[in-house]
Structure formats: structure tokens, C-alpha cells
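This briefing is meant for a reader who is meeting the structure for the first time. It begins with a pocket and a ligand, and then turns to the backbone and to one loop residue.

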Amino acid sequence: MSKIRVSGFTKESVTDGPGIRAVLFTQGCPHCCPGCHNPSTWNYEGGYEIEVEDIINLIQPNRLLQGLTISGGEPFAQANEAADLAARIQGLGLDVVTYSGYTFEQLVEMGENDPAVRRLLEVTDILIDGGFRLEERDLSLAFRGSRNQRIINLKETLKTGELALLEY
Ligand code: SF4
């Protein structure tokens, strides 16, 4: 059984990706972005552990959900466990949005040596990439805090090899 260390879970949100979404906030982040909205998620020893199966049980009964967002902390710090969860979510016919403080290009490079990172990329429908940058903060943006962060249609990008950006 796969367990993820998390800082919290939100049953329904409309601000963490398209549609109505459950949101899982993973615990542990290496990026330490100045101005981070949630520094309590940085500590790898913080939060609590939860079984993937228990997360599925929280999500499955809600027919209004379009999908699950895996936010942070840094989801790719627990790439294997997050990929197990994302694959289960997609198996339910729901979509997966994953946030990362790494850029897409960094993740592709990391994935060359780390199969878990590759797996999580492959079971993510939309990637919102890059850490929060205080100097590019913009409250008018959908789903992001700063202008450097991109909303990437990852399915399309991995299929075509061309970066497919989404506008919201
Ligand atoms: S990647 Fe996200 S959680 Fe981590 S420090 Fe940056 S803004 Fe905070």
C-alpha cells in the first residue's frame, strides 16, 4: 500500500485547476520560494501520512468532481506515491492537475534518471510549473500566484513533443 505525506486535503475547490476539484497538499518542499503562501508545507517531517486508498475513498463518492489537484509542498518529492494516486484517479475517469516548483524542462531532465518523476509526468493531465516568484506576483491570474508559472497541457505536450500551453 502506498502512503503519501500530506499537509492537508480539500474536498472541493474551484481555484486549483479547471472545474470542481479535490485538492491534496503534499508535505515537504525543497524550493523555499520567498513569499511562499504555505511555508508550513516545507518540512519533510511535518504533516501526516495517508494511504492512497483512503484518498480515493474521499474522492470517489463526489460525482461533481472533474478531478484531483496534487499541490504542495512539492508533489515530485513523492513522485512514486503521487503517481500511484494519479493513476488511480485517472482510472476513475477523472483528470489530474499537478503543481510543481520545478519547471517542465527541469522535470523532463530529472525524469531521465528518475523513473518515478517520469511516471508522475505520464499520469498528469495538466502541469502547473515553476515556483512562486514574488517579483512576478499577479493576483489576476487563474490557478497561479505569479506570471512565471505556466499551465501546461501535459498529455498533449508529451504526445506531440511540442509545449502546449493552456490559457485561463
Ligand atoms: S514550490 Fe510552492 S510550496 Fe514550495 S516554496 Fe515554492 S511556492 Fe512554496
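Which residues lie nearest the centre of the largest pocket, and how many residues line it? In this predicted model, the lining is made up of 28 residues, and those nearest the centre are H37, S71, Y99, F132 and Q149.

**The largest pocket**
- The space inside the largest pocket comes to about 540 Å³.
- Sorted by class, the residues that line the largest pocket comprise 15 polar, ten nonpolar and three charged ones.

**The ligand and its surroundings**
- The ligand occupies a space that is the largest pocket itself.
- Around the ligand stand C29, H31, C32, C33, C36, T41, W42, G73, G101 and F132, and F132 is also among the residues that lie nearest the centre of the pocket.
- The shell around the ligand contains six nonpolar and four polar residues, while no charged residue belongs to it.

**Backbone features beside the ligand**
- Most peptide bonds are trans, and most residues other than glycine have a negative phi.
- The peptide bond that joins G72 and G73 is cis, with an omega of about -10°, and G73 is placed in the loop between β4 and α2, the latter spanning 79-91.
- C32, which is not a glycine, has a positive phi of about 50°, and its place is in the loop that runs between β2 (21-26) and β3 (48-51).
- Both G73 and C32 are listed among the residues that surround the ligand.

**N62 and its contacts**
- N62 belongs to the loop between α1 (52-59) and β4 (67-71).
- When neighbours within four places in sequence are set aside, N62 is in contact with K11 and E12.
- With E12, the side chain of N62 forms a side-chain polar contact of 2.8 Å.

Note on methods
Residues numbered from 1 in each chain as written. Predicted model: local features only at pLDDT ≥ 70, side-chain atom pairs only at ≥ 80, totals over all residues. Heavy atoms only, no water. 1 Å grid on protein atoms, 1.4 Å probe; cavity = no way out; pocket = protein on both sides within 12 Å on 5 of 7 lines; lining within 4 Å. Points joined across faces, edges and corners; volume = space filled by probe spheres on them. Nonpolar A, V, L, I, M, F, W, Y, C, P; charged D, E, K, R; others polar. Helix = DSSP H or I, 4+ residues; strand = E, 2+ residues; numbered from the N terminus. Polar contact = N/O pair within 3.5 Å; in protein donor to acceptor, adjacent residues only side chain to side chain. Contact = heavy atoms within 4.5 Å. Near = heavy atom within 4 Å. Sits in = over half its atoms within 2 Å of the grid points.
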